[in-house]
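Open the model in your viewer and switch on the cartoon. Keep a selection box ready, and take the stops in order.

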Amino acid sequence: PILIVDNLTKQFGEQKVLQGITLSLKPGEVIALLGSNGSGKSTLLRTIPRLLEPNSGTINVLGKAMSQTKGRALRAIRSQVGFVFQKHNLVPRLSALTNTLHGALGRTRGPQAWFHSLAPRALREEALWCLEQVRLQEHALKQTRFLSGGQSQRVAIARALMQQPKLILADEPVASLDPDAGEQVMELLQKVAKELGIGMLFSTHHLEHAITYADRIVGLINGKIQFDASANDMDIPTLRSIYES
């Protein structure tokens, strides 16, 4: 597995947000996290790369124990983890190409990934390839402030691909998009995970998306895993039950 989480706990003050979470993820596997607001989905996604520090338990990413990894070694692991969140966090006055290049900042030195005009040919071609994967190569030089919400999220995915990630963590990646754009983005995320062998863990409230695009579905209630099952074995009524508890 590229990700192993074992008996993970996290609390804020007296509030226990994660309570004994255990799961694993293989290359090319897609897992959907379901649960009502406050169930711990976002906290889990942020604790995996130690953007939040766990209280106990272990996290192993790409064969490295995260609790024992610091400084440059920690940054090296994070550089192989792509993040896709609701907010695209793009630089609006820079082009889609430059925003995509920013995904290489963790593996380059100097200003070569700051702007596409400074990037060497090989790096620029790699960024164009990433934009091609998300079907936005024709908008490469357009400032991202002129893109639609769905297009902006696809640029964020291209930027994540530019990291050459082994793992993608996506926190409700289509929550701010209309249904058609949301379908396109989920199809794209599943496609790149399968074709490039990238493990993906995404949270969602879209029950149909979980069944359609995930291999496994993990349901959380109050920071505890209620089920971890193949998407093929799940149905909408069963998934809806975690919102009724």
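Which residue in β5 stands opposite Asn60? Select Asn60 and look across to β5: the residue there is Ala65. Bear in mind throughout that this is a predicted model.

**Stop 1: the sheet**

Stay with this pair of strands. Strand β4 covers residues 56–61, and two bridges join β4 to β5. The two strands run antiparallel. Now widen the selection to the whole open sheet. Four strands form it, in the order β2-β1-β4-β5, with antiparallel pairing. The edges are β2 and β5 (64–65), each of which pairs on one side only.

Next, select residues 3–12 for strand β1 and residues 15–25 for strand β2. Eight bridges hold this antiparallel pairing. Pick Leu3 and find its bridge partner in β2, which is Leu25. Then go to the turn. β1 and β2 form a hairpin, and two residues lie between them. Gly13 sits in that turn, with a positive phi of about 65 degrees.

**Stop 2: unusual backbone angles**

Most residues other than glycine have a negative phi. Two residues on this stop go the other way.

Select Asn7. This residue is not a glycine, yet its phi is positive, at about 55 degrees. Look for Asn7 in strand β1. Is Asn7 buried or partly exposed? Its relative accessible area is 45%, so Asn7 is partly exposed.

Now select Arg50. Here too phi is positive, at about 65 degrees, in a residue that is not a glycine. Arg50 lies in the loop between α1 (41–47) and β4. Turn on the surface: Arg50 counts as buried because its relative accessibility is 14%, and the cut-off for buried is under 20%.

**Stop 3: the loop after β4**

Select Gly63, in the loop between β4 and β5. Gly63 counts as exposed, at 55% relative accessibility. Draw a distance from its C-alpha atom to that of Ile77: the two are 9.8 Å apart. Along the chain, Gly63 and Ile77 are 14 residues apart.

**Stop 4: a nonpolar patch**

Select Leu105, Trp114, Phe115 and Leu118 and show the surface. Together these residues form a nonpolar surface patch with about 390 Å² of accessible area. Zoom in on Phe115, in the loop between α3 (96–101) and α4 (121–133). Phe115 counts as partly exposed, at 37% relative accessibility.

**Stop 5: a negative patch**

Colour by charge and select Asp178, Asp180, Glu183, Glu187 and Glu208. They gather in a patch of negative charge on the surface. Which helix gives the largest share of the negative patch? It is helix α6 (residues 179–196), with three residues. Glu208 belongs to helix α7 (residues 207–213).

**Stop 6: salt bridges**

Side chains of opposite charge can pair when their charged atoms come close. The model has seven salt bridges. Three are worth a visit here.

Stay on helix α6 and select Glu195 and Lys191. Their side chains meet in a salt bridge of 3.3 Å, N to O. Both residues lie in helix α6, four residues apart, or about one turn of the helix. Glu195 counts as exposed, at 54% relative accessibility. Lys191 counts as partly exposed, at 31%.

Move to Lys194 and add Asp215. Lys194 forms a salt bridge with Asp215, and the closest N and O atoms are 2.5 Å apart. Lys194 is in helix α6 and Asp215 is in the loop between α7 and β9, so the pair ties together parts 21 residues apart in sequence. Both ends are partly exposed: Lys194 has a relative accessible area of 40%, and Asp215 has 29%. Now show Glu29, Arg216 and Asp228, which are joined into one network by salt bridges that share partners.

Finish inside this network. Select Glu29 and Arg216, whose side chains meet in a salt bridge of 3.1 Å, N to O. The pair links distant parts of the chain, 187 residues apart. Glu29 is in the loop between β2 and β3 (30–34), and Arg216 is in strand β9 (residues 216–221). Are these two residues buried or exposed? Glu29 is buried, and Arg216 is buried as well.

Methods:
Residues numbered from 1 in each chain as written. Predicted model: local features only at pLDDT ≥ 70, side-chain atom pairs only at ≥ 80, totals over all residues. Heavy atoms only, no water. Patch = residues over 30% accessible without salt bridge, like charges linked within 9 Å, V, L, I, M, F, W, Y side chains within 5 Å. Areas by Shrake-Rupley, 256 points an atom, 1.4 Å probe, with all protein chains shown as cover. Salt bridge = Lys/Arg side-chain N within 4 Å of Asp/Glu carboxyl O. Lys, Arg positive; Asp, Glu negative; His and termini not counted. Charge placed at Lys NZ, Arg CZ, Asp CG, Glu CD. Pairing = 2+ DSSP bridges. Buried < 20%, exposed > 50% of the residue type's maximum accessible area, 1.4 Å probe, protein only.
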